[in-house]
Amino acid sequence: MVQSPTPKKRRRGRLFRFSSALVVLLAVAGYLLVQYVTGGRGGPGCKVVSGKDDGQAYEFSQEQTMNAATIAAVGTGRGMPERAVTIALATALQESQLVNIQHGDLDSLGLFQQRPSQGWGTKKEILDPTYAAGVFYEHLAKVNDYQRLPLTVAAQRVQRSGYPEAYAKHEPEAALLSAALTGQAAATLTCQGLPDTTQTAVGPDAVRAALVRDFGRTVLKETGAEVTGGGSASKESKESKDKSKAKAESTPTPSASAAGGSSTVTLPVGSGSTRTGWQLAHWAVANSSVLHIERVSYAGREWAAGSADDPWHSTATKASGGVRIVTSRQGGEK
């Protein structure tokens, strides 16, 4: 005869079921929290390594790296030092994990979790990574002697966070990202570069527009790309050409050529501007997925899409003419 469970065993059974349900609930809550913070984006697709050959390395998603590149470009475009870029990247890593999230505490938004109600801008402005980075730097520049302050102190004077000590833990990874994305450390950033099939704006025009968006017109002047060979050509008026010739030659001017299904965009870099060249090269790698960039070459080194685990490799010849970006027009260049 099967005996009925004793009251003690029934209590143990209920406790076990309750504990199991609680574990499942906590797991689901943890998953939802990650999705909330990251927006449900995929896993790592990029890697940044130390330029000091000390084995230090961090992995990020392509989206995180692209946002980091925008933050760095906006900073250098404003003449901010590398330390400012490191502070900005550490702040964004803590606030949003470098994902442009559309929610947060109260009315906080975007990469830096800035609040429209606190005068940071409109919702639309804050959700523009270029704007968000720019307004962060505006506030940071007003912090007296911020370059000498501990990172967490400098970031807190801008952010006014309830957890100011949290910024410090992101300084090592922010420093490596900053060194790569400001061009201080050569050939230290690589990405898978798998094409984002949802993007239709690709090709030389899209590359030029993205460069101007992030760096500003004073660093990379906007010009029409001349495409020859197997591709279509975007027209540049005679008036625009005359204006371009009249501007200072020290400003890099994107040019383009095409063959088959790819276009090559060349960004001139002066012989004494190696750091600028590596910033542009790393920026292109960071944006490779969205802009369908297949290869990036600079200073005798080349990166190719689909090789995130491989370092930049040496090319047979040291290409002249600056940073060369090979893009695929598949996806909808108009």
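Trainee: What makes α3 count as mostly covered?

Mentor: In this predicted model, 11 of the 15 residues of α3 are buried, where buried stands for a relative accessible area under 20%. The residues of α3 that meet this cut-off are Ala84, Val85, Thr86, Ile87, Ala88, Leu89, Ala90, Thr91, Ala92, Leu93 and Ser96.

Trainee: How do you know that the length of helix α3 agrees with its number of residues?

Mentor: The helix runs over residues 82-96, and at 1.5 Å a residue its 15 residues should span 21 Å. The expected span takes 1.5 Å times one less than the number of residues. The end C-alpha atoms of α3 are 21 Å apart, and therefore the two values agree. Just after α3, Gln97 takes a positive phi of about 60 degrees.

Trainee: Why are α3 and α6 called roughly perpendicular?

Mentor: Two packed helices are described by the angle between their axes and the distance between the axes. For α3 and α6, the axes come within 10 Å and cross at roughly 70 degrees. Angles of 65 to 115 degrees count as roughly perpendicular, and α3 and α6 are therefore given that description. The crossing in which α3 passes α6 is right-handed. On the α3 side the contact is made by Arg83, Thr86, Ile87, Ala90, Thr91 and Glu95, and on the α6 side by Leu151, Ala154, Ala155 and Gln159.

Trainee: Which classes of residue make up the contact of α3 with α6?

Mentor: That contact has 5 nonpolar, 3 polar and 2 charged residues.

Trainee: How do you know that α5 and α6 are roughly perpendicular to each other?

Mentor: Helix α5 (residues 129-141) and helix α6 (residues 151-159) have axes that cross at roughly 110 degrees and come within 9 Å. Set against the range of 65 to 115 degrees, this pair is therefore roughly perpendicular as well. Here too the crossing is right-handed, as α5 passes α6. Phe136, His139 and Leu140 of α5 make the contact with Ala154, Val158 and Gln159 of α6. By class, the contact of α5 with α6 has 4 nonpolar, 2 polar and no charged residues.

Trainee: Which residues of α6 are buried, and what covers them?

Mentor: The buried residues of α6 are Leu151, Ala154, Ala155, Gln156, Val158 and Gln159. Their cover includes α3, α5 and α7, the last of these spanning 171-181. After α6 comes Arg160, whose phi is positive, near 55 degrees.

Trainee: Why is Leu189 called buried or exposed, and where is it found?

Mentor: Leu189 is found in strand β3, residues 189-191. The relative accessible area of Leu189 is 2%, and buried means under 20%, so Leu189 is called buried.

Trainee: Which residues are in contact with Leu189, leaving aside its neighbours within four places in sequence?

Mentor: With those neighbours set aside, Leu189 is in contact with Lys47, Val48, Thr65, Ala180, Leu181, His282, Val285, Ala286 and Trp312. As for C-alpha separations, that of Leu189 and Ala281 is 9.3 Å, although these residues are 92 residues apart along the chain.

Trainee: How many helices and strands does the chain have, and what share of its residues is buried?

Mentor: The secondary structure comes to 11 helices and 9 strands, and 46% of the 334 residues count as buried. Among contacts in the chain with a separation of 6 or more, residues 24 or more positions apart account for 66%.

Note on methods
Residues are numbered from 1 along each chain as its sequence is written. This is a predicted model: local features need pLDDT of at least 70, side-chain atom pairs count only at pLDDT 80 or more; totals for chains, interfaces and linings use all residues. Side-chain values use heavy atoms; hydrogens and water are left out. Axes are lines fitted to C-alpha atoms, for helices over the stretch in contact, and angles run from 0 to 180 degrees between N-to-C directions. Helices (H or I, at least four residues) and strands (E, at least two) are DSSP runs, numbered from the N terminus. Angles under 35 degrees count as roughly parallel, over 145 as roughly antiparallel, 65 to 115 as roughly perpendicular and the rest as oblique. A crossing is left-handed if the near helix is turned anticlockwise from the far one by less than a right angle, and right-handed if clockwise. Contact means heavy atoms within 4.5 Å. Ala, Val, Leu, Ile, Met, Phe, Trp, Tyr, Cys and Pro count as nonpolar, Asp, Glu, Lys and Arg as charged, and the others, Gly among them, as polar. Buried means under 20% relative accessible area, exposed over 50%, partly exposed in between (1.4 Å probe, protein chains only).
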